[in-house]
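Biologist: Could you take me through one part of this model slowly, looking closely at how its helices pack? I'm new to this, so please explain your terms along the way.

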Amino acid sequence: MNNLSNHRTSFYFYFNLFILILAIGGFVINALVHPDTLPPASALVYIHGAIMFLWYILIVVQSKLVRSRKISLHKKLGKSSLLLALGIVITGIWMSMVHYSRPDGFLFSTINTFILINFIILYSLALINRHRPEFHKRYMTFASLAAVFPALGRIILGLNLNEYLSVPLWILLVLVMGVFDLKSQKKIHLATIIGSALIFLGIALILVLMENAAWKEFLDRLMS
């Protein structure tokens, strides 16, 4: 493996490790500082949290295996992502339904809807492109970025900052991918353009629909 390839694989390992730290840190900080904001303890909450934790662990391990050129083991272990992705989607939808009656249920479900839509699209693109490494690793990383927003929100909340700061923080993380492409190959990869566009579109729709009466009425009917 040449120095450029090693640099690229190292980036994905360390960037995914950073996302894992953010995901864990966000929930830990908020739980310690604002335990009253946590959803009611239930088997569903614990299962969803465990699946998300395993997802981020898997992405880091997979990045490490590629970095170590253990491609065969990477492919075998990658099959487990199917079960985790399915678990994320099922428990994510279930969480929206169960917690919709909470005061923040509408906002939670609106955010969760577009997180799950983007996660499904990006993970599906990663599977379709599993034999195209440059596409595959980007789509898998973007799938993780699509799902990390709740943790970012809890970091901001735990630090007693304006809750809307979680949005520019999310955007900044997404932009890291484009910056890396520009520095490493002098152009932005197509997968990075698609992944970034999907997440930015999701953010825009969330910001618009969280104040939209027709959308609220639709969710009220759907969740009733």
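**A close look at the helices**

Modeller: Happily! The buried residues of α4 are covered by elements including α2 (43-67), α3 (71-78), α5 (105-128) and α10 (213-223). This is a predicted model, where local features need pLDDT of at least 70 and side-chain atom pairs count only at pLDDT 80 or more, while totals for chains, interfaces and linings use all residues. Residues are numbered from 1 along each chain as its sequence is written, and side-chain values use heavy atoms, leaving out hydrogens and water.

Helices here are DSSP runs (H or I, at least four residues), numbered from the N terminus. In α4, the buried residues (under 20% relative accessible area, 1.4 Å probe, protein chains only) are S81, L84, A85, G87, I88, V89, T91, G92, M95 and S96. Helix α4 (residues 80-98) has 19 residues, so at 1.5 Å a residue (times one less than the number of residues) it should span 27 Å, and its end C-alpha atoms are indeed 27 Å apart.

Now turn to α9 (residues 190-209). Its axis and that of α6 (residues 133-147) come within 9 Å and cross at roughly 15° (axes are lines fitted to C-alpha atoms over the stretch in contact, with angles from 0 to 180 degrees between N-to-C directions). That makes α6 roughly parallel to α9 (under 35 degrees; over 145 is roughly antiparallel). Contact (heavy atoms within 4.5 Å) involves residues including F135, Y139 and F142 of α6 and I194 and I199 of α9.

Helix α8 (residues 166-185) packs against α9 at about 170°, with the axes 10 Å apart. That makes α8 roughly antiparallel to α9. Among the residues that meet are W170 and L175 in α8, and I199 and F200 in α9.

Conventions: Helix = DSSP H or I, 4+ residues; strand = E, 2+ residues; numbered from the N terminus. Parallel < 35°, antiparallel > 145°, perpendicular 65-115°, else oblique. Buried < 20%, exposed > 50% of the residue type's maximum accessible area, 1.4 Å probe, protein only.
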